Amino acid sequence: MTVKEFLESFEVYFSGMFESKGEKFDEAMHYACFGGGKRVRPTAVFLGASAISDRFPEGAVMSLAAALELIHSYSLVHDDLPAMDNDDLRRGQPTVHKKFGEATAILVGDALLSSSSTVLINAARVFGDDFLSAASVVTRASENMVRGQVMDIAGMKTAEQFKTMYSLKTGALITAAFQAGAIVAGGDPEQISAVVEYASNVGLAFQLVDDILDGDKDKNSIVSVIGVDGARKLIAECTARARESARTLPNGEILVKFAEDLQARKK
């Protein structure tokens, strides 16, 4: 299965979770999850599993991918709120609170997070102990993501503070996605450790590329401290470390390609 094939299957699976009852709230939940996102976290689950084995449990991977995308979507809805980043647009479209109202947006985020827990619990009953371990990784990462947002609101001044914040706010879920996929695919402790090392570097590189692409739109980034050239150097270092970790894995070439594509992306 290719990444493209997995994402096509994921979209069908994920959209099936949003059964509309004709209510505005259901529309708002669907709106929050289907606005042109890159599906980085579902992709990461698939890649983490694929790097370990070609014969991973597809149902477990799909459930993890859905739970992570629900968590990610909830975080975006809440990040956009007036009390947080106060954004009017996301991906060129009105944010949930601008389209449906602030109270509805808060409740949409709450519901999406709750839905992710339901997905994880139900899947753990089906897929057993490995899935339960992967689900634990995901829930811990969800809390770390929130702690990263707390740091972001407080503000950072040094490059190290930015790196710590990025490792939590953006990196935690991305790392958890790769790690969870590797766990359900049957990775041993050494392989899981290599996946985590890979993912932590890819997560930082992902945010750094975003910062460069955002340009002047986001002054509160590490680029304001180390400059564009410094950020590009750090991206190259992260990508090199990610490649080194990936090459120790059974199917690590798929992770190498992802890291290199991430470094070169233009949007």
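## Close-up views of a predicted model

**View 1. Helix α6 and its surroundings.** Helix α6 covers residues 102–127, 26 residues in total. From first C-alpha to last, α6 reaches 38 Å, close to the 38 Å expected at 1.5 Å a residue. The model is predicted. Buried positions in α6 are Ala105, Val108, Gly109, Ala111, Leu112, Ser116, Val119, Leu120, Ala123 and Ala124. Their cover includes four other helices: α2 (24–33), α4, α5 (96–100) and α7 (129–154). Gly128 follows α6. The phi of Gly128 is positive, near 85°.

**View 2. The largest nonpolar core.** This core holds 87 residues. Leu64, Leu112, Phe131, Phe178, Tyr198, Val202 and Leu255 have the most contacts inside the core. Helix α4 supplies the largest share, 12 residues. In soluble globular proteins, nonpolar side chains tend to be buried together. Leu112 also appears among the buried residues of α6.

**View 3. Contacts of Phe131.** Phe131 is one of the residues with the most contacts inside the largest nonpolar core. Neighbours within four places in sequence are set aside here. Phe131 then contacts Ala60, Ser63, Leu64, Leu120, Ala123, Ala124 and Val184. Of these partners, Leu120, Ala123 and Ala124 are buried residues of α6. Leu64 is another of the residues with the most contacts in the core.

**View 4. The Phe6–Phe46 pair.** The count of aromatic pairs comes to 12. In one of them, the ring centres of Phe6 and Phe46 are 4.8 Å apart and the planes meet at 15°, so the pair is stacked. Phe6 sits in helix α1 (residues 3–15) and Phe46 in helix α3, so the pair ties together parts that are 40 residues apart in sequence. Phe6 and Phe46 are both buried.

**View 5. The Phe162–Tyr166 pair.** The rings of Phe162 and Tyr166 have centres 5.9 Å apart and planes at 45°, so this pair is tilted. Both residues lie in helix α8 (residues 159–169). They are four residues apart, about one turn of the helix. Phe162 has 1% relative accessibility and counts as buried. Tyr166, at 4%, is buried too.

**View 6. An aromatic cluster and Arg39.** Phe6, Phe10, Phe14, Phe18, Phe34, Phe46 and Phe56 form one aromatic cluster. The stacked pair of Phe6 and Phe46 belongs to this cluster. Arg39 lies over the face of Phe34, another cluster member. The distance from Arg39 to the ring centre is 5.2 Å.

**View 7. Pro57 in a loop.** Pro57 is found in the loop between α3 (40–52) and α4 (58–79). Its relative accessibility is 30%, so Pro57 counts as partly exposed. Residues up to four places away in sequence are not counted among its contacts. On that basis, Pro57 touches Val184 and Ala185. Val184 is also a contact of Phe131. Met84 lies 27 residues from Pro57 along the chain. The C-alpha atoms of Pro57 and Met84 are separated by 38 Å.

**View 8. Gln179 in helix α9.** Helix α9 spans residues 171–184 and contains Gln179. Gln179 has a relative accessible area of 18%, under the 20% limit, so the residue is buried. Neighbours within four places in sequence are left aside. The contacts of Gln179 are then Val137, Ile192, Val195 and Val196.

Terms used. Residues are numbered from 1 along each chain as its sequence is written. This is a predicted model: local features need pLDDT of at least 70, side-chain atom pairs count only at pLDDT 80 or more; totals for chains, interfaces and linings use all residues. Side-chain values use heavy atoms; hydrogens and water are left out. Helices (H or I, at least four residues) and strands (E, at least two) are DSSP runs, numbered from the N terminus. Buried means under 20% relative accessible area, exposed over 50%, partly exposed in between (1.4 Å probe, protein chains only). Contact means heavy atoms within 4.5 Å. The expected span of a helix is 1.5 Å times one less than its number of residues. Rings of Phe, Tyr and Trp (its six-membered ring) pair if their centres lie within 6.5 Å; planes under 30 degrees apart count as stacked, over 60 as edge-to-face and the rest as tilted. A charge sits over a ring if NZ of Lys or CZ of Arg is within 6 Å of the ring centre and within 35 degrees of the ring normal. A nonpolar core is a set of buried Ala, Val, Leu, Ile, Met, Phe, Trp, Tyr and Cys residues joined through side-chain atoms within 4.5 Å.
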